[in-house]
Amino acid sequence: VKSSEIGCVVVFDDVTTLVKAQRDAAWGEVARRLAHEIKNPLTPIQLSAERLRRKYLDRLPEDDRRVLDTATRTIVNQVEAMKSMVNAFSDYAKPSRLDAQPLLADEFLSEVLGLYGGSVNFEAGAPGVMMEVDPVRFRQVVHNLVKNAQEATQTAENPEIRISTGVYQPREQEMLFLQILVEDNGVGFQEADTEQLFEPYITRKEKGTGLGLAIVKKIVEEHGGSIRAENRPEGGARFILRLPAKHEGASGL
């Protein structure tokens, strides 16, 4: 009697990228629907409050006037806050339409960070290094990261925000990356949160949509880059952003 051996083949497929793409698409659809549903009633609410204020403010007794003034101002301010939230939803759901241009990294960042005066320290460490980015979208990345750092350092005795650039080249690879570090001396992260920081609607702030860092990650990845976060040993947070780059005068990214 001949014996026969039966074997089996086990195939493992890494579906991480597929699952992530499906999840991002689902979140994008949620954001799009929320933006649409919330935006529609905001304008009539604001206009109605402003009309009530104009029509009745000067006709009421002093006490009632103060009540109407406070109430209508509160309505208008909250509508503006909701509009900001809607804009964040729209940004996250927005399809990718990049108008990428080759830009000198240090020059671009110096210009953008100049808007913050001396509140952000910039250390230019990538002379002649070019990145190919959509200027409008990448400005949003920088502004969102600075805003995040500003909020994290609100309780610091001497708030410090530092952004620096450099060049990163993996071992045994010819690919060159621009590395941007965004550091602060704020409250840092809980270790359990570092993996979820870039997930939509994840936030521990009293105010905020939880979309700021999700939008940052989305834009960075659309440019072929990566971003991660960690706590600094001396306290505070550090974001490490890497983008494909080249030296000025080199051909192709």
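**Helices, strands and nonpolar core of the predicted model**

Helix α5 is followed by G224, whose phi is positive, near 80 degrees. Within α5 itself, which covers residues 212-222, the buried positions are L213, A214, I215, V216, K217, I219 and V220. These values, like those below, derive from a predicted model.

The protein contains five helices and seven strands. Their order along the sequence is α-α-β-α-β-β-α-β-β-α-β-β. Of the 253 residues in the protein, 38% are buried. Among contacts with a separation of 6 or more, 69% are made by residues 24 or more positions apart.

Strand β4 (residues 161-168) has pairing partners in both β2 and β5. With β2, formed by residues 121-123, β4 runs parallel and is joined through three bridges; in this pairing F122 stands opposite I163 of β4. With β5, formed by residues 177-184, the pairing is antiparallel and extends over eight bridges. Here S164 of β4 stands opposite L181 of β5. Six of the eight residues of β4 are buried, and the strand is therefore largely enclosed by the rest of the structure.

Helix α4 comprises 18 residues, 135-152. At 1.5 Å a residue a span of 26 Å is expected for α4, and its end C-alpha atoms are 26 Å apart, so the two values agree. At the start of the helix, a side-chain oxygen of D134 comes to within 3.0 Å of the backbone nitrogen of V136. The buried residues of α4 are P135, R137, F138, Q140, V141, V142, N144, L145, V146, N148, A149 and A152. This set thus includes polar and charged side chains, among them R137, Q140, N144 and N148.

In soluble globular proteins, nonpolar side chains tend to be buried together. In the present model the largest nonpolar core has 48 residues, and F138, L145, F239 and L241 have the most contacts inside it. Residues of this core come from both domain 1 (15-93) and domain 2 (101-247), so the core lies between the two domains. Two of the residues with the most contacts in the core, F138 and L145, are also among the buried residues of α4. When neighbours within four places in sequence are left aside, F138 is in contact with F108, M131, V133, I180, L241 and L243. One of these partners, L241, is itself listed among the residues with the most contacts inside the core. Another, I180, falls within the residue range of β5, the antiparallel partner of β4.

Note on methods. Residues numbered from 1 in each chain as written. Predicted model: local features only at pLDDT ≥ 70, side-chain atom pairs only at ≥ 80, totals over all residues. Heavy atoms only, no water. Buried < 20%, exposed > 50% of the residue type's maximum accessible area, 1.4 Å probe, protein only. Helix = DSSP H or I, 4+ residues; strand = E, 2+ residues; numbered from the N terminus. Pairing = 2+ DSSP bridges. Expected span 1.5 Å × (residues − 1). Polar contact = N/O pair within 3.5 Å; in protein donor to acceptor, adjacent residues only side chain to side chain. Core = buried A, V, L, I, M, F, W, Y, C linked by side-chain atoms within 4.5 Å. Domains from an automatic or database assignment. Contact = heavy atoms within 4.5 Å.
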